[in-house]
Amino acid sequence: MKTKDNILVVDDDLDFLGVIRRILEKKGFKVTTVPSAEEALALLKENFFNAAILDISLPDIEGTELLSRMIELHPEIIAIMLTGHSSVKNAVQSLNRGAFSYLEKPLDPENLISIINRGLEKQQLVFENRKLISELERHNRTANTLLSVSQAVAQSLDLQKIIDAALEKVAECTGLEAIFIYLRDKDKLKFKGYHGLSTRTAANMPRELETASGVFSNLLEQSGPIIIKDLLRASESELSFLKNVGYRSFAGVPLTILGENIGVLGIATDFTQSLSPNNLELLTGIGREIAIAVRNAQLYEDASSARALRELDALRSEFLANVSHELRTPLSVIKGSANSLLQPDVIFDEQTRREFLVSIDRDADTLTRLVDDLLMLSRLEAKALEVKKKQHKISNVISNVKDHLDKLTIKHHLKISIPNDIPLVYIDEVRIGEVLTNLVENAVKFSDDNTNISIQAVYKNKEVIISVIDEGIGVPLELQKKIFERFFQGEGRKAGRRKGTGLGLAICRGIVEAHGGKIWVESKSDHGAKFIFSLPVN
Amino acid sequence: MDKKNILIVDDDPAILRLLSTNLKARGYEIFTANNGEESLEAIQKDFIDLMILDLMMPKIDGVEVCRRVREWSDVPIIILSARGDENDKVKCLELGADDYLTKPFGIAELMARVKTAFRHRGDPTVTPAQATFSYEGLEINFAKRRVTVNSREVTLTPTEFALLQHLAVNSDKVLTHNMLLQSVWGNEYSSEKEYLRVFVGRLRRKLEPDPKNPKYIQTIPGVGYQISTSSPANVQ
């Protein structure tokens with residue numbers, strides 16, 4: 001027998017108690033005897049007995065009553081009732097109340113021992129079953145926790161979402177209060193997420209942990225968790241950030257994938273704790289699940305940033321091809337015209353020579369403007385355009401460029417209507433003047449002579465909305481977004497109007513967006529176009 | 001001699017003016033078109049001997065014009081392009097263009113290329129000594145500029161015909177890349193090896209029963225091409 005089984009004997013016959021003690025002790029049991037139910041109950045409250053032998057007639061309480069109370073305290077106790085002839089009926093009743101067996105006095109010692117042994121055997125089975133069931137339940141819980149963590153982290157490929165979901169699930173399944181994750185980034189561990197920390201504690205968590213030595217170094221080197229039961233007695237200074245905010249214990253679980261530790265799941269409690277091997281096993285499993293999801297997300301991130309880079313590269317090549325094309329066109333006019341004048345086989349007349357020179361002059365201007373536009377665009381795209389914002393009246397901005405607008409619209413009717421109560425706008429007047437000039441120039445390009453071009457402004461929802469309206473060919477719906485892309489060239493320029501750089505509207509958009517505004521077009525084909533941009537008042 | 005008609009297609013008026021002035025000054029009759037659609041109309045309406053075609057145009061671009069014109073006409077086409085990409089060049093030549101000039105270009109260079117194109121169109125003064133050539137089903141009538149394969153008539157562009165004629169007249173001689181480029185195109189083309197590759201490819205697709213395994217025009221790797229009337233097995 002592994003440990004001595006404990007047997008309590010209750011009888012008011014002291015001689016009988018002495019006899020039974022001897023019998024039982026001889027068989028190796030640990031025996032406690034008491035003469036009254038009251039004393040028995042007092043003992044039962046404090047101690048565990050495997051079995052109890054109760055006389056059915058006791059001086060203070062009925063034996064059956066004692067049996068009931070005893071079973072209430074220790075449901076698994078093996079109770080054997082002792083009866084006289086006259087009380088067999090009571091004995092049967094006590095079986096109904098949970099006694100294991102009953103014996104008639106006088107006792108047959110052999111019989112008593114055999115009954116006790118059978119009872120203890122049954123009890124042993126009950127205990128073993130209970131242990132098995134609880135083991136099974138624990139395994140179930142572990143499996144469920146792992147499953148729900150792995151499901152939670154598999155919902156996303158977004159690293160932060162995975163970490164947040166994992167932490168929440170771990171907290172929910174384990175009841176642990178303060179948990180956090182650090183991920184390895186070269187030779188550092190970086191703070192990536194937490195659950196159950198106060199906002200203030202979270203704000204004070206170190207963003208980076210050194211991994212050269214100490215607990216975190218060990219956590220990245222080894223395969224199992226590290227437990228610090230009591231931070232107050234711990235010497236590890238790298239954990240003082242937890243101690244300082246009142247935590248008493250720490251457990252660190254490596255996040256392991258393919259033998260590599262990519263981070264640490266940290267757990268802190270404000271009482272000293274010692275995690276059971278079962279819990280450690282569970283946490284190690286959770287660490288593995290999180291590691292898999294994190295690694296997937298990291299791989300996905302790498303892949304998408306590579307894809308984004310490729311796309312950027314393709315855009316850049318396309319841009320360069322476009323720039324090269326746009327530069328070559330005026331260059332070929334300049335080169336061709338100059339070259340024509342240099343050919344020895346033909347002497348052109350005065351008029352033609354002049355035409356070549358005019359071409360050279362004008363395409364040199366085109367080239368200059370193209371280079372300016374390209375520079376402007378690259379500054380806008382690098383967010384390097386200097387926008388000197390001040391409070392301005394929109395009517396003053398228009399007045400500043402009025403001469404230029406008049407020159408552009410010499411064959412059109414320019415109408416400007418700005419109500420007096422339009423609030424001041426906080427803008428760079430030179431840049432917004434450029435936007436207006438560009439829009440008017442476009443309107444001229446795509447509408448007939450002698451038609452109207454108007455500039456209007458309204459105040460709406462804390463924004464000043466400015467429109468440039470023409471009566472030209474309009475912009476078909478499918479092009480209304482595309483025209484703001486760089487190098488987009490609209491078709492249907494009126495005869496004699498020079499092709500632009502294809503950058504004007506892209507620049508307008510860049511300038512307006514740099515002011516926090518928006519630009520768009522409203523138009524129906526052949527019914528003119530209304531180019532609109534908004535400028536926030538504040 | 002009749003004036004030769006040239007159609008210039010470009011959406012940039014400055015380029016149109018530049019080219020017209022120069023070509024007119026050298027005795028050509030000039031027609032212009034501002035875009036692909038106009039050019040397709042013009043080439044059906046007027047008698048055009050040569051087309052100078054800009055590549056980048058809205059709606060119907062130069063590549064498409066070239067493709068459509070080649071469906072029914074063998075008029076020489078010189079592509080003018082602001083894209084210097086070698087792929088664009090090969091693509092246009094494959095589609096049937098005769099020449100490809102990158103902007104910006106010199107006037108003398110353009111004039112030389114125009115002359116080359118007209119030379120391919122058949123200068124009556126350079127009729128070969130023999131009137132016909134015949135080998136294994138391939139029949140060439142040099143005077144009538146007519147080619148048949150197994151009695152099936154094959155339509156060739158002027159440049160294709162010029163190349164085939166040169167190979168046939170010099171059959172059984174190995175013609176190096178340089179020799180072919182200089183004689184068929186001109187001195188200034190000696191570095192344009194891809195012209196040769198593309199045009200031999202075009203000829204093979206039109207003439208050979210199995211273009212991948214040619215029996216008429218043989219490749220002499222690293223050297224050049226030949227039409228061999230002895231056993232083709234002798235030639236690697």
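**Exercise 1.** In which sense do β13(A) and strand β15 of chain A pair, and over how many bridges?

*Solution.* This is a predicted model, in which local features need pLDDT of at least 70 and side-chain atom pairs count only at pLDDT 80 or more, while totals for chains, interfaces and linings use all residues. Residues are numbered from 1 along each chain as its sequence is written, and chains are lettered from A and ligands numbered from 1 in the order in which they are written. Helices (H or I, at least four residues) and strands (E, at least two) are DSSP runs numbered from the N terminus, and two strands pair if DSSP finds at least two bridges between them. With these terms in hand, β13(A) and β15 (residues 452–460) of chain A are found to pair in the parallel sense, over five bridges. One residue pair to look up is A:Ile416, whose bridge partner in β15(A) is A:Ile455.

**Exercise 2.** Place these strands in their sheet, and find the helices that lie across it.

*Solution.* Begin with the strand order, which in this open sheet of five strands of chain A is β13-β15-β16-β18-β17, with mixed pairing. The edge strands, each pairing on one side only, are β13 (413–417) and β17 (519–523) of chain A. Next come the helices, for which contact means C-beta atoms, placed from the backbone, within 7 Å, and angles run from 0 to 180 degrees between N-to-C directions of axes fitted to C-alpha atoms, for helices over the stretch in contact. Helix α12 (residues 394–408) of chain A lies across β13, β15 and β16 (463–470) of that chain, at about 175 degrees to β13(A). Helix α13 (residues 429–445) of chain A lies across β15, β16 and β18 (529–536) of chain A, at about 25 degrees to β16(A).

**Exercise 3.** Describe the side of chain A that touches chain B, and the helix that gives its largest share.

*Solution.* Start from the contacts, in which 21 residues of chain A meet 18 residues of chain B. The elements giving two or more residues to this side of chain A are α10 (277–342) and α11 (350–381) of chain A, and the largest share, 12 residues, comes from α10(A). Then follow α10(A) itself, which has 66 residues and reaches 94 Å from its first C-alpha to its last, close to the 98 Å expected at 1.5 Å a residue (times one less than the number of residues). Finally, α10(A) has a kink of about 25 degrees centred on A:Leu331, the bend being the angle between axes fitted to the seven residues ending there and the seven starting there.

Terms used
Contact = placed C-beta atoms within 7 Å.
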